[in-house]
Amino acid sequence: MENMQAVNNFVAAYLKKKGFKEAEQLLEDLQNKDSAPINFHDDPELAKFIHRFSQSEDDVARYQDGYSKLRSWTYSSLDLYKHELLRVLYPVFIHSFMDMVAKGHLQEARTFFNTFREDHELMHSRDLQKLEGVLSQSHLEEMEFSRSLRQSKVNIKICQYSYDLLLQYLHKTQSTAMLGVINEHINFQVSSGQPSSTSDDAEVVTLIGSCQDAANQINQKEIHWGLLEDSLEERLEKAGGLLSDSEKTEEENKEGDVDETKKRSVESGKQGASTKKLKKEKSLNATAKSARPEASTTPAAPRVKSKLPLPLMSTEVEQSILEDLRNRVQLSSVLLPSVSFYTFLNAHNGLNCSSISQDGSLVAGGFSDSSLKVWDMAKLGQQGGSSILQAENDSISSEHVVGPNGGKRSYTLFQGHSGPVHSATFSPLGDFILSSSADTTIRLWSTKLNANLVCYKGHNYPVWDVQFSPAGHYFASASHDRTARIWSMDRIQPLRIMAGHLSDVDCVQWHANCNYIATGSSDKTVRLWDVQNGECVRIFIGHRSMILSLAISPDGRYVASGDEDGMIMMWDISSGRCITPLMGHTSCVWTLAFSCEGSLLASGSADCTVKLWDVTTSAKVPRNEEKSGNTNRLRLLKTLATKSTPVYSLQFSRRNLLFAAGALSKNM
């Protein structure tokens, strides 16, 4: 009887606290009319509600106290298991915060968030910035990032012993709040044996919007990653015109031997010099031969048909490309490329992007003042300031050419955008250049006419990146509106829209066969899309920060992606798995480029270095060796440091000369 009266008093207090005056008066009238208390236990749903309310006052304390104790226990664990147990803290932290917000304890949730956010700031700063904006229950439902987190589980790889230790702790301390969060939002992938190494941390925690099962299902789709049929390289190989350096050297040696015998009979005085030359050629031949088996272990890429109608190539252009291919230097781990670095001076932090044409003759820069500037390297080399920037015809006005002091500029100025230019890309032949801007548009410029030809409108927000396809004519764009789009030069509307990323699409890159594009996003994933139907055919998961750069190997087998933390990851397109992480940069990786035969990967970073990586070794390193500490030193071939110039762009020419560009920074 006393219990029933206590329940009645509790319900009356609840109604009074919530301001339900009519219900409170009705309850009082019922109690006065009938001295017998109302038996709320007859209604099980009402009983559950009352039980939940009685515990609601303690919910905040249970979350704060439970997480604090779990954190202290984790940090005091044995070093052997600590790094695995620490992986659990971040998902528990964000879901505890969101649970408190969902239950209406906004002030307490904010205090909890600010108290423990420093623990995760280093690895998850961008996620925390997004969650910082959650100020009400409606924000949880409206924000796609928080909604996707609550609807899916976090996958964490952990060894059996670490898993048992965690469960034992939770049951021993009766941390029901933490146990509930872990049970609802974490999916443990328990493995037998020893704990994984700390170097694997990039792969063991997967925090994505779509669940892992959906990603695995997408990665099962069939994909044709090979090269195009009847390409110029294939035709040259069949004709026997594409010789390796060792074969070229062998032929030169044979000719040299014949010439040497003739010279011996005529000019005995030149024998010493000829002998030195022959020794040098033989040493080069031996070097090339030693590097050759390394590349030959990779099977040849299959041939596929194009899904897009590709433009025809003129005979003159075809002959020029074939000439470049015949004279291509075959690079390897022992034969590194020559590098030509273009430095922007007096940019005053206004340079947003740069691009280099295929042959290195043109360099473009996109600036914060909405301008696009193109430098012709041949004209820069001429003497006399008056002839440096003579326009190719009169279509560009004189005010674009004349500098502020009356002298002629050393560049061609393209004006048309109304916002900062974030990306620029030359067509394969260098006759066109595309630029994308914060004004949501993409503009096509002619480097021959020095004029704007088309303004493409379709994105609703700033366009971060734009890239020409390897065949020209088609191009792809990436935007803040979380989509990538496929365009053709002759249409002002996009041909395809690729939607699926949960945040900004920051970079885009074409596959070698033009049938796919790869996109990198702030949601920390890389996706591969089919250009014919716009479907996502691969999701690559493993990065811990936003992806800033992409490159696809010339044979179409691998994708390389660089992120904000300086991590580079190599992905196998056919399996959808990460082959190896490449660690060495200490800041954002802004640009990546594969050499023409695919044996080397060049990376440029905000840490003012260009690094050269051995792709063949990286692809062959077995899983057990990956966990040893010295594998990254084996993969990194060379670091080329600039004095104080962050690297904005890299480009391999068809002859395998590496071009790089960046703006001199006085703040470094």
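Helices and strands are numbered here from the N terminus, as DSSP runs of at least four and at least two residues, respectively. In this numbering, Gln-174 falls in the loop between helix 9 (160–173) and helix 10 (176–185). The model is a predicted one, and the backbone at Gln-174 has a phi near 55°, a positive value in a residue other than glycine. With a relative accessibility of 65%, Gln-174 counts as exposed. A positive phi, again near 55°, is found at His-348, likewise a residue other than glycine. His-348 is placed in the loop between strand 6 (339–344) and strand 7 (351–356), and its relative accessibility of 69% makes it exposed.

Helix 10 also takes part in a helix packing. Helix 4 (residues 79–102) packs with helix 10 at an angle of about 105°, and the two axes are 10 Å apart. The two helices are therefore roughly perpendicular. On the side of helix 4, the contact is made by Val-88, Val-92, His-95, Ser-96 and Asp-99, and on the side of helix 10 by Met-178, Val-181, Ile-182 and His-185. Of the residues in this contact, five are nonpolar, three are polar and one is charged.

Side chains of opposite charge can pair when their charged atoms come close. The structure contains 15 salt bridges. In one of these, Asp-127 is joined to Lys-524, with the closest N and O atoms 2.8 Å apart. Because Asp-127 belongs to helix 6 (residues 121–131) and Lys-524 to the loop between strand 20 (516–521) and strand 21 (525–530), the pair ties together parts that are 397 residues apart in sequence. Asp-127 and Lys-524 are both buried.

Strand 21 itself supplies a partner to another salt bridge, as Asp-530 lies in that strand. The side chain of Asp-530 meets that of Lys-307 at an N to O distance of 2.7 Å. Lys-307 is located in the loop between strand 5 (303–304) and helix 16 (315–326), so this salt bridge ties together parts that are 223 residues apart in sequence. Asp-530 is buried, with a relative accessible area of 7%, whereas Lys-307, at 26% relative accessibility, counts as partly exposed. A further salt bridge links Asp-481 and Arg-485, whose closest N and O atoms are 3.4 Å apart. Both Asp-481 and Arg-485 are buried. In addition, Arg-117, Glu-121 and Glu-132 are joined into one network by salt bridges that share partners.

Aromatic side chains form 20 pairs. In the pair of Phe-475 and Trp-487, the ring centres are 6.1 Å apart and the planes are at 5°; this pair is therefore stacked. Phe-475 is in strand 16 (residues 474–479) and Trp-487 in strand 17 (residues 483–488), twelve residues apart. Phe-475 counts as buried at 0% relative accessibility, and Trp-487 is buried with a relative accessible area of 0%. For Phe-540 and Trp-571, the centres of the rings are 5.3 Å apart and the planes are at 35°, so that pair is tilted. Since Phe-540 lies in strand 22 (residues 536–541) and Trp-571 in strand 25 (residues 568–572), the pair ties together parts that are 31 residues apart in sequence. Phe-540 and Trp-571 are both buried. Finally, one aromatic cluster is formed by Tyr-67, Phe-93, Phe-97, Phe-112, Phe-113 and Phe-116.

Technical notes:
Residues are numbered from 1 along each chain as its sequence is written. This is a predicted model: local features need pLDDT of at least 70, side-chain atom pairs count only at pLDDT 80 or more; totals for chains, interfaces and linings use all residues. Side-chain values use heavy atoms; hydrogens and water are left out. A salt bridge is a side-chain nitrogen of Lys or Arg within 4 Å of a carboxyl oxygen of Asp or Glu. Buried means under 20% relative accessible area, exposed over 50%, partly exposed in between (1.4 Å probe, protein chains only). Axes are lines fitted to C-alpha atoms, for helices over the stretch in contact, and angles run from 0 to 180 degrees between N-to-C directions. Angles under 35 degrees count as roughly parallel, over 145 as roughly antiparallel, 65 to 115 as roughly perpendicular and the rest as oblique. Contact means heavy atoms within 4.5 Å. Ala, Val, Leu, Ile, Met, Phe, Trp, Tyr, Cys and Pro count as nonpolar, Asp, Glu, Lys and Arg as charged, and the others, Gly among them, as polar. Rings of Phe, Tyr and Trp (its six-membered ring) pair if their centres lie within 6.5 Å; planes under 30 degrees apart count as stacked, over 60 as edge-to-face and the rest as tilted.
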